[in-house]
Amino acid sequence: MRPNIESVTDLATERPWQHSGQFFGAVAQAGVSRGGVIDPRLYAGTPSGSNQKLPSEGGFLAPPTIAQGIWNGLNADPLALLPRTDSYIVSGESELFPAVAQDSQVAGSLYGGITAYFLSEADQATKSKPKFRGARVEPYEMVALCYGTDKLVSNAGPALGQFLTRAAAAAINHRINQALIEGNGAGQPLGLLNSPCAIQVAKESGQAAATVLPANAAKMWARLHPIARQNAVWLHHTSVETALDTLTTVVRNQADSDNVGGTAPKIYDAEKRTLKGRPMIESDFCSVLGTVGDLILVDLRSYLTGTRGSVEEAMSIHVRFDYGETAFRFKFAVDGQPWLGSAITPSKGSDTLSTVITLQTR
């Protein structure tokens with residue numbers, strides 16, 4: 001039986017939730033009211049009212065204005081990778097995107113097979129056509145569940161709402177970052193390190209273990225496809241910074257047989273946090289210094305992601321009723337994979353190009 005709802009219509013129509021803490025407190029009060037007064041705003045319309053289950057189960061969806069705060073937090077995090085990707089909202093179970101199946105640019109071929117020719121008078125045009133592959137994204141659901149004591153939630157003010165909003169955004173971003181970097185594609189996104197288009201650049205001959213040399217960065221940059229350079233970033237583990245701080249290019253003589261003194265301008269700028277002019281983003285999910293994945297050069301705009309849209313936030317006062325705690329649940333669905341299905345052979349030369357470049361273990 002649905003609890004009695006307080007007949008104060010102006011709360012639902014004229015005075016919406018002033019902050020998320022106020023909403024949390026109302027839910028907690030609903031749990032201890034035992035059929036008494038319930039804030040009408042908890043039932044004010046389907047999006048912000050109770051869920052489709054029995055109200056006695058104590059589940060309430062957060063109003064869109066409150067849940068939006070978490071979504072904004074996801075996009076505001078400077079270390080978040082998802083906002084940098086080529087992202088789409090998937091309304092159905094999955095979405096099949098037509099991706100260009102290109103693995104070669106030899107003889108001017110683009111988009112998997114389209115080629116342009118110069119014609120002499122009366123020559124017949126040679127036909128060509130693009131080649132496509134299906135890139136399917138099926139957003140996988142992820143959940144963050146946490147608890148707060150009834151006393152804490154009942155007395156909730158703006159601070160609790162602000163904390164939970166920030167904490168939920170940080171937790172979801174943390175997990176998404178892991179999946180986009182090292183996900184195996186089974187029930188989660190296909191990460192950069194497991195991508196079929198990823199290129200692993202060889203270390204230098206005689207290179208010491210756990211080091212990064214100017215030649216490493218230069219050769220990684222050389223293998224990045226030209227169209228990816230404008231938006232490229234370097235993902236790196238914290239331990240890589242110790243190697244980058246000593247990254248210098250010694251000036252050699254014309255025959256390259258001897259050092260002549262001095263160093264060339266550094267390709268790493270610690271103050272601006274750039275390497276070869278492109279931004280650096282630190283991530284716990286990159287490998288430690290000296291192993292594949294410690295430094296990743298990537299154009300994240302070439303990585304396709306699909307989401308269900310915003311974050312769904314809900315509360316329950318019955319999941320941990322016997323502990324005197326309120327449960328907070330945050331749900332988000334995402335999937336992703338690189339647009340490229342393989343590395344690309346350029347028109348000239350044998351070194352393939354890609355939008356995802358890593359460095360060999362050293």
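**Aromatic pairs, nonpolar cores and surface features**

A search of the whole structure finds two aromatic pairs, where rings of Phe, Tyr and Trp (its six-membered ring) count as paired if their centres lie within 6.5 Å, with planes under 30 degrees apart classed as stacked, over 60 as edge-to-face and the rest as tilted. The structure is a predicted model, in which local features need pLDDT of at least 70 and side-chain atom pairs count only at pLDDT 80 or more, while totals for chains, interfaces and linings use all residues. Residues are numbered from 1 along each chain as its sequence is written, and side-chain values use heavy atoms, with hydrogens and water left out.

In the pair formed by Y88 and F97, the ring centres are 5.1 Å apart and the planes stand at 45 degrees, so the pair is tilted. Y88 is partly exposed at a relative accessible area of 35%, whereas F97 counts as buried at 12%; here buried means under 20% relative accessible area, exposed over 50%, and partly exposed in between, computed with a 1.4 Å probe and protein chains only. F97 also pairs with W339 in an edge-to-face arrangement, with 6.1 Å from centre to centre and 90 degrees between the planes. Because F97 lies in strand β3 (residues 95-100) and W339 in the loop between β16 and β17 (356-359), this pair ties together parts that are 242 residues apart in sequence. Y88, F97 and W339 thus form one aromatic cluster.

The protein contains seven helices and 17 strands, assigned as DSSP runs (helices H or I, at least four residues; strands E, at least two) and numbered from the N terminus. Of its 362 residues, 43% count as buried. Among contacts with a separation of 6 or more, 75% are made by residues 24 or more positions apart, a contact being heavy atoms within 4.5 Å.

The largest nonpolar core has 30 residues, of which I172, I176, L192, L235, I296, V298 and F332 touch the most other members; such a core is a set of buried Ala, Val, Leu, Ile, Met, Phe, Trp, Tyr and Cys residues joined through side-chain atoms within 4.5 Å. Two or more residues of this core come from each of α5 (158-182), β7 (233-236), β13 (295-298) and β16 (325-338), and α5 gives the largest share, seven residues. Beyond its neighbours within four places in sequence, I296 is in contact with residues including I181, L192, V233, W234, L235, C286 and V356. A second, separate core of 23 residues includes I199, V201, M220 and L244.

Two residues in loops have backbone angles of note. Most residues other than glycine have a negative phi. A210, in the loop between β6 (199-201) and α6 (214-223), has a positive phi of about 55 degrees although it is not a glycine, and is partly exposed at 34% relative accessible area. R273, in the loop between β10 (268-269) and β11 (274-275), likewise has a positive phi of about 55 degrees without being a glycine, and counts as partly exposed at 27%.

At the surface, the protein exposes about 18,800 Å², of which carbon and sulfur atoms supply 52%, with areas from the Shrake-Rupley method and a 1.4 Å probe. V143, L145 and Y147 make a nonpolar surface patch of about 290 Å², a patch being made of residues with over 30% relative accessible area and no salt bridge (a side-chain nitrogen of Lys or Arg within 4 Å of a carboxyl oxygen of Asp or Glu), with nonpolar side chains joined within 5 Å and like charges within 9 Å. Y147 lies in strand β5 (residues 140-149) and counts as partly exposed at 39% relative accessibility.
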